[in-house]
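Got the viewer open? Set the display to cartoon, keep the selection tool handy, and we'll walk through the model stop by stop.

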Amino acid sequence: MKFASVLALAVAATVVSAETNAERLARGLPPLAPARRGTPVARAKRSWPSGTGQCSGGSIQCCDTVTTYGKGGDVDELVSFMGINIPGGTRCGTGCSPISIIGGGSGSSCKTQPVCCEDNSYNGIINVGCSPMNIW
């Protein structure tokens, strides 16, 4: 008889814990934290942004220099001269050309670290929103 009582209590506790956040909020309680699902590998931090390949926001570029806008360098003068409106702290590349991953063409080798730039609309004079990449 005691086993049946313990089993009934365990089942009742399970039913209470299976309530939704909507039910908890209706009773004036705070919502529960999201359930952690998946393997530790699925939760591991990626070394690049998700998407197709490592450069989902733009194209892979090889730039002569990559510096931060707003620190008083040549990039600041170039951005103001071209009338580009970007927030301070944005990484910008100058003298950029596209890289061919496959290995053909003039951009297949890069003497500096390749970058992924979000805005490449200034013909390589300046590329905005650049982040370093490891492609090899």
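The tour goes from the overall fold to the disulfides and then to the nonpolar cores.

**Before you click**

This is a predicted model, so a word on the ground rules: local features need pLDDT of at least 70, side-chain atom pairs count only at pLDDT 80 or more, and totals for chains, interfaces and linings use all residues. Residues are numbered from 1 along each chain as its sequence is written, and side-chain values use heavy atoms, with hydrogens and water left out.

**Stop 1: the whole chain**

Colour by secondary structure. You should find 4 helices and 6 strands; these are DSSP runs numbered from the N terminus, with at least four residues for a helix (H or I) and at least two for a strand (E). Follow the chain along its sequence and the order is α-α-α-β-β-α-β-β-β-β.

Now switch on the surface. The protein exposes about 9,800 Å², and carbon and sulfur atoms supply 59% of that (Shrake-Rupley method, 1.4 Å probe; for residues, only the protein chains shown count as cover). Of the 136 residues, 24% are buried, where buried means under 20% relative accessible area, exposed over 50%, and partly exposed in between (1.4 Å probe, protein chains only). Among contacts with a separation of 6 or more, 58% link residues 24 or more positions apart; contact here means heavy atoms within 4.5 Å.

**Stop 2: the disulfides**

Select the cysteines and show them as sticks. There are 2 disulfides to find, each being a pair of cysteine sulfur atoms within 2.5 Å.

Start with Cys63 and Cys96, whose sulfur atoms are 2.0 Å apart. Cys63 sits in the loop between strand E1 (59-62) and strand E2 (65-68), and Cys96 in the loop between strand E3 (91-94) and strand E4 (97-98), so this link ties together parts 33 residues apart in sequence. Both cysteines, Cys63 and Cys96, are buried. The link of Cys63 and Cys96 is right-handed, with 105° about the S-S bond.

Next, pick Cys117 and Cys130, joined S to S at 2.1 Å. Here the bond runs from strand E5 (residues 115-119) to strand E6 (residues 126-132), so it ties together parts 13 residues apart in sequence. Cys117 is buried at 0% relative accessibility, and Cys130 is buried with 4%.

Which cysteine sulfur is nearest to that of Cys92? It belongs to Cys130, 6.6 Å away, and Cys92 is in no disulfide. Cys92 is buried too, with a relative accessible area of 0%.

**Stop 3: the nonpolar cores**

Keep Cys92 selected and add Tyr69, Val75, Val79, Ile84, Ile86, Ile126 and Val128: together they make the largest nonpolar core, with 8 residues. (A nonpolar core is a set of buried Ala, Val, Leu, Ile, Met, Phe, Trp, Tyr and Cys residues joined through side-chain atoms within 4.5 Å.) Helix H4 (74-82) and E6 each supply at least two residues of this core.

Zoom in on Val79. Leaving aside neighbours within four places in sequence, Val79 is in contact with Tyr69, Ile84, Ile86 and Ile126.

Then move to Ile86, in the loop between H4 and E3. Ile86 is buried, with a relative accessible area of 13%. Under that same four-place exclusion, Ile86 is in contact with Tyr69, Val79, Cys92 and Val128. Measure C-alpha to C-alpha from Ile86 to Val128 and you should get 8.2 Å, for residues 42 apart along the chain.
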